[in-house]
Amino acid sequence: MTTTQTSVVQDLGTLAHRLSHPAGARCVCEPPQVLADRPDGTVVRSGAIVAKAHAADTDHEALAARLALAAAPQLTGILLPPLTAPGQSLTAPEPSGGPQHPEPSDPPALAPRPVTLWPLGAPVDPTDPEAAPWAEVAVLLARLHRTEPPFRLPAMRGPAKAARAVARMRAALPGDPAVLPVLAGWRALPAWARGEAPAPARRTGFLCHGDLHLGQLVRHPAPDGPWLLIDVDDAGTGDPAWDLGRPAAWYAAGLLAPEDWFAFLDAYRSAGGPAVPADGDPWPELDVPARALTVQTAALALAKCAAEQRHPDEHEQLMIESCARIATLPPELAADHAS
C-alpha cells in the first residue's frame, strides 16, 4: 500500500470513527477495518459507520443523483440509503441519533475524491455458498427494475465498466497472447454492450443497479435485517437484463449450480421482473449481457494475475475459456437482442 493509500484509509477511518463514537465517551472501539481498497473505491468501517472514498475521476453530479436515488422513498426496502445528504462529499453530515465531531472540510488525502457515509450492514457469508440468497436478490432486482425512475438519472454504467476492465487488461498485459481470447469475445459484442453506442431504445428506461453480484448485498440492520442492495456507483437507467448478466454468465460457465440459477430466475419472474419474458427461453435477452460480463470478469482476472505475478486459478481460467467459446458462437442472439 502506498503512502497516499495509507493516508486515505487513515482519514476514512478517522471520519467513520468520529461519526460513530459519541462525543465525550471513553473510546473502547476496535481499530477501523478496511473493507475494500481499489482504484475505484476505498471503503473503511468504524463501529456502525462505513466511509467510502470514491474514485478521483468520479462525476460528482452523477454521484449526487445516484445518492439521491438510494435515499428516495420509492427505493425504501430495495437500496441501502446513505447517511450523507445527496451530493455531499468531503464534509461529514450530522449523524442520526448523536452529536457530530468537528471534521476537516478538506482532508488532504481525500481532497480529489468524493466521500460518502453509510450504515453498516451484514454481508453475504462467502464461506457458506449454499446459503447464498439468490432468490432474495432476484426479488430485489425485480422490484428495482419495476420502479419508475423518480427523477432524471445518468445511464447505468455496466457497459462502461466492462470497457474499463478490458482497457485495464490491455494496459497490464500489452502484447501478451493470453489476452487474445478475451479480446475476441469483446469484439464479438454489439457496440452498445461495449459502451460505444446507446443501448436499444426499448431497453433504456429501466432502473438498473449496474454491477450486480452477491458482494452488493447486505442485511440491514445487521445482523438479521432484510437484504438490501448496496453500491450505487454504477446505477442508472438502462437494460435490466444487464443485472442478470453476471449470474447468467456464471451459470453458463459452470460456476453457478443449476439449482441456484433456476431459483434466481424463477424468483425474478415470479416477482414480475421485466428483463426476461414471464416464461419460455430467457436467453435471447440475457445472451449479450452474459457475454459482456464474461469478458469483463476474465479481463479483470488477467489484470489481477499480472499485478500479482501469478497464473489464473481454476475459476478465472473457466471465464477466460468461456471468452474463447463465445467468440465462436453465431451472432443471431446478439442481433435479436439489439433489435
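1. Start with β1 and β2: in this predicted model, the two strands pair antiparallel through five bridges. They make a hairpin, and two residues sit between them. For one pair to look at on screen, try A36, which stands opposite V43 in β2.

2. The next pairing along is β2 with β3. Strand β2 covers residues 41-46 and strand β3 covers residues 49-54; six bridges join them, and they run antiparallel. This is a hairpin too, with two residues between the strands. Have a look at G47 in that turn, where phi is positive, at about 60 degrees.

3. Which residues of β3 face V43 and V44? V43 has K52 as its bridge partner in β3, while V44 is partnered by A51. V43 is worth a second glance, as A36 stands opposite this residue and K52 is its bridge partner in β3. As a general reminder, side chains in a regular strand alternate between the two faces of the sheet.

4. Is β2 mostly covered or mostly open? Mostly covered: of its six residues, five are buried.

5. Now the whole sheet. It is open, has four strands in the order β1-β2-β3-β4, and is paired antiparallel. The edges are β1 (33-38) and β4 (115-119), each of which pairs on one side only. Ignoring direction, neighbouring strands here are turned by 15 degrees against each other on average.

6. There is also an open sheet of three strands, ordered β5-β7-β8, again with antiparallel pairing. Its edge strands are β5 (122-123) and β8 (227-229), and each of them pairs on one side only. What packs on this sheet? Helix α3, residues 134-146, does, touching β7 and β8. The direction of α3 makes about 50 degrees with that of β8.

7. Within that sheet, β7 (residues 217-219) and β8 run antiparallel and are joined by three bridges. One pair to check is R219, whose bridge partner in β8 is W227.

8. Lastly, the cysteines. How many disulfides does the structure hold? Zero. For context, a disulfide is a covalent bond between the sulfur atoms of two cysteines. C208 has 1% relative accessibility, so this residue counts as buried, the cut-off being under 20%. C305 comes in at 4% relative accessible area and is therefore buried as well.

Definitions and conventions. Residues are numbered from 1 along each chain as its sequence is written. This is a predicted model: local features need pLDDT of at least 70, side-chain atom pairs count only at pLDDT 80 or more; totals for chains, interfaces and linings use all residues. Side-chain values use heavy atoms; hydrogens and water are left out. Two strands pair if DSSP finds at least two bridges between them. Contact means heavy atoms within 4.5 Å. Axes are lines fitted to C-alpha atoms, for helices over the stretch in contact, and angles run from 0 to 180 degrees between N-to-C directions. A disulfide is a pair of cysteine sulfur atoms within 2.5 Å. Buried means under 20% relative accessible area, exposed over 50%, partly exposed in between (1.4 Å probe, protein chains only).
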